[in-house]
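User: I would like a close look at one part of this model. Please walk me through its sheet pairing, then set it against the rest of the chain, with every cut-off stated.

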Amino acid sequence: STGDGKEAEDEDEDEDEDEDEDEGAAKDAGAGLGANVKVDGMASPGGELVTISSIHYRFWSLERVLQLYMCLIDTVPKSQPRIVALLDEATAVSSATHLAILGAVLTTLDPKNMEFKSTVDYGDWMESMSASQTHIDSLMDLIPSKQFPKERLEAHGRWEKLKFYELFIRDVAVPLALEPPYILEMVQSISQYNLRSAQSLRDLLSRLGKLNRDVIASMRGIPSEFICPITTERMVDPVITADGHTYEREGIEDWFATGQRTSPITNEPLVSTVLRPNTALKAKIANTVECDMSLFMETVILDLMFNLNLEPSVLQDLAMIVAGKSPTATDAAQHRYFEGVLPTESGKIALLRELLRVPQAVQIAAVNFQLANDLGAVVQSSGFLDTTMSVIYASVIEESLEQNFAPEEVNLNALAVSLQGISGSDAMAALQEVAKVRRVLTAFSRQFGGNAGDQALAPEALVAESGRVAPLLMGSGGMVRSVRMFFLKQLERNHGVSFVRSVLQQPPLSESEWVADWRDSSDTGFIRFLGHNALPRLNPLASLPAYAEARAVVSAFLASGNTSELDIGIVALRDGRGPAATKAALIAALFYEVYLLAVLPSQGSSVETQAEALRLWLRTSPTIASFIPTPELHILNLFAGQPVAATAAAATEEGSQGIESAAQAVRLSPASTPERILQVQWLAHFAAVSLAASSDSPLSFFRTVMVDPGSLAGSWMPTMPEDVLKMAQDVMGGRWYRCPNGHPFYVDLCGRPTQINKCAECGSEIGGTDHNLLSGNQDIGNVGEDLYQKTVLDDQSEPNYCVRSVDEEEKDQFYSVRTLNPTSHRTIQWILHSAMVVGHAAAGAAWDSAAAPVVNSSYADTTVAGGLGAYATLHWHSNWCTLKKLTDRNADDVAVLLHLVLLSCGPSTQVEDDPPAGALQEATAATAALPPADGGGGGGGGPAATKSYTVLS
């Protein structure tokens, strides 16, 4: 305080004293404050403090500034003597004071003044830099650029260099353990230049090139114990094998997956393939910082150095970096050391994007000159236009066309002519034309739908648009093939590979001249893509125990036709692997060796004759009958390519009603789409693991659905509607009552009513007073009048199959029950309907008759579809489409995810007995390629089953 306090005492004695006297006292106090402390730009008009508010404003403004000074002292302790001395000398807290204190802090933080003795000292300095950053920025904002333009610019430059030094020490010096003398020499050199100058950039590149040379020469960098002998890369998850050597987990697991059982280092046999985590080494790796010079260089260029006012010489050096060259390298030998220093491809794209934004004509000319030289040189040396730098340039140009380029307005005939005339003599002009072509084809690919927000064109419009873009895809030569491949890649990104194969074989693309021209060009890659590769690329069924042996037995019979050898092979499998594993492996082998023959062009009468002989053997062999019941044998016959006669008849009848039957759904032909083949492949996998499942497996329920659906009558099936009142009671607790019209409500806390309300459903009076229930209201469960009791309800969920019609189900794709998320709900429902599709396709009308008692007709009117089999098939298709939407994945990805569900709860790849070491190599390799995910199975059961479910995640 600065007054004598008399006015304050008077105010305490008489609180009703006139307000004018209070204001006079404040003026006296304010005069004392103003006489001793001055704050530039903070005084009231005329420089006098004439009101209470002006005093408050000056006080709080001054406090804010002083608090900022104190924060700087806290975060940069060594600056305290300088700051205190400046405040002692100052006669006013002004912008000049801010500038002086800012200079003191920056001088203190300068590495040349920090007296680093070892690398340990870097930590405290970096902590000060990080902690003081916001305070330094705030103090710099208080310095008006109009009053101190030169000084403020100089301070800003010093601060940017300090941030550069911090970045260098953190990302380069610490990982490479660079000693203080090296840091001080670097600081001394860089301090001579403007950070945004060509000299500064070249000095930095030269240093990093030398450091990278040292790393390559093993003088610095990653300790050898961190490197995996297999992958030759820094380990992330090191594990120890039985002989004591350490490897990256993924690397050694891949080694074992190929069938190897020896040490990769010594080539000696390993007594076990068990892996133990090397926790000590993992902790040591985690505590070691890796030096990423490319990332450091990207950060320096894009965050600290680049702005739109750079000199042309600097811009030319940056354009060379986009081309993958260092301005300081003079020959190829030196360029090798900059491969780990220059920015990554994504960094080069970001840098080129900025370079093409420079506004001044002289800057634009410098950038274009350097880019043209580098593009021309790289195209000339490689002999083709499709170089890495060309792709980067075309991608950025294509981005720039997104806003002001309308593909539908482009003269595509003229663009096609320019495309045919492209050469490497003027690479920039050629790539600009290529960017336009890419933009047009990207827009065309989106018109097939697929991405969020992309609307597929009507068939007529798609035909017209296909004809419009055809000139871009016609012709010959490498450029045209590249353009075609680019278009297919855009389709694949939106829909997946299966869609691409399918759409190329359907109008309008199948009728396009360019597709016919490509097919007739004898391009073997394209022909294989359309033909043989229509078969699934992955074979998750290879993970089944005994699959390799079963496939070998079936394949041998198809070649020889010898049923005696077939009997001997199956008996050996049954006795050696067990009936369950043999049954599953046989389904998988039949699917791949026989069933998929229907997808390929005619294989000749001999193969088809042997396949028919195999189906006859399945139906009549005592060997098969000895361990496979007749209902399950129908399923084996199904995947051997021979549905029962009843199924074929049912298919004809249902097909005539315009509704696809289960038999039609699983039937394949050369015209089958890749997506349908994926679906049927999954059904084969599902049937195999379900028939082999033990009684305590969640898959055993689905086996019952396939072969004995009538036994499930009266049971609760997974994903069926639940008792909503029971669900609400479980979640909310409390006492439950019904209004006079039967609508439920609940009372919490003590459980008895204390007020009267209106029923939300019908408006009737509900509740009561003084813990007494209104007459006409009903106590659910007759709990009684005691307080703090809880209503316990029986679950009144409807039993049996209660799925609504497809139209009703599709109205709400996020519908779910029993705490399942929508994706889990639809996944389990897809699995349930898959079991019904397999059962009906294998047994036909007999399965429909057996399953009739399972249908809850109050929910599911299966008569409109001709029976439960066709009704389930409709839902099977609907569930698949909904899963693609919920997961936002294409058909390939959804199929893989569903296979992972089966791998997580199906038969283990661990054999029942110990087989020969090489017997399961193919199965092991497939398991490594498609690892099982976490998850369980859907539940259900007979009439006595409890209403609890294991969620398939």
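Analyst: What follows starts with the sheet, then turns to aromatic rings, cores, one helix and one loop residue.

This is a predicted model: local features need pLDDT of at least 70, side-chain atom pairs count only at pLDDT 80 or more, and totals for chains, interfaces and linings use all residues. Residues are numbered from 1 along each chain as its sequence is written, and side-chain values use heavy atoms, with hydrogens and water left out.

The protein has 41 helices and nine strands. These are DSSP runs numbered from the N terminus: helices are H or I with at least four residues, strands are E with at least two.

Now the sheet. Three strands make an open sheet, in the order 5-4-9, with antiparallel pairing. Strand 5 and strand 9 stand at the edges with a single partner strand each, so one side of each has no neighbour in the sheet. Two strands count as paired if DSSP finds at least two bridges between them. Strand 4 (residues 735-738) and strand 5 (residues 744-747) run antiparallel and share four bridges. Across that pairing, W736 stands opposite Y746, and Y737 stands opposite F745. In a regular strand, side chains alternate between the two faces of the sheet. Strand 4 and strand 5 form a hairpin with five residues between the strands, and there G742 takes a positive phi near 90°. Strand 4 also pairs with strand 9 (residues 778-779), again in the antiparallel sense, over two bridges. R738 stands opposite Q778 in that pairing.

Next, the aromatic rings. The structure holds 24 aromatic pairs. Rings of Phe, Tyr and Trp (its six-membered ring) pair if their centres lie within 6.5 Å; planes under 30 degrees apart count as stacked, over 60 as edge-to-face, and the rest as tilted. F591 and Y592 form an edge-to-face pair, 5.2 Å centre to centre with 90° between the planes. F591 is buried at a relative accessible area of 0%. Y592 is buried at 13%. Buried means under 20% relative accessible area, exposed over 50%, and partly exposed in between (1.4 Å probe, protein chains only).

W682 and F686 are stacked, because their ring centres are 5.0 Å apart and their planes meet at 20°. They lie four residues apart in helix 33 (residues 674-691), about one turn of the helix. W682 has a relative accessible area of 1% and is buried; F686, at 0%, is buried. W682 and F686 belong to one aromatic cluster with F701, F702, W830, W876 and W880.

Then the cores. Across the 953 residues, 46% count as buried. A nonpolar core is a set of buried Ala, Val, Leu, Ile, Met, Phe, Trp, Tyr and Cys residues joined through side-chain atoms within 4.5 Å. The largest core has 117 residues, and F164, F168, L208, L318 and F487 touch the most other members. Helix 7 (residues 149-176) gives the most to this core, with eleven residues. A second, separate core of 96 residues includes L566, A692, M836 and A895.

F164 reaches well along the sequence. Contact means heavy atoms within 4.5 Å. Leaving aside neighbours within four places in sequence, F164 contacts M186, I190, L195, L204, F296, V300 and L304.

Helix 17 (residues 388-404) gives a length check. An expected span is 1.5 Å times one less than the number of residues. For its 17 residues that comes to 24 Å, and the end C-alpha atoms are 26 Å apart, which agrees. Among its buried residues are M389, I392, Y393, V396 and L401.

Last, a loop residue. V236 lies in the loop between helix 9 (198-216) and strand 1 (238-240). V236 counts as exposed, because its relative accessibility is 63%. Beyond residues up to four places away in sequence, V236 touches E248 and K282.
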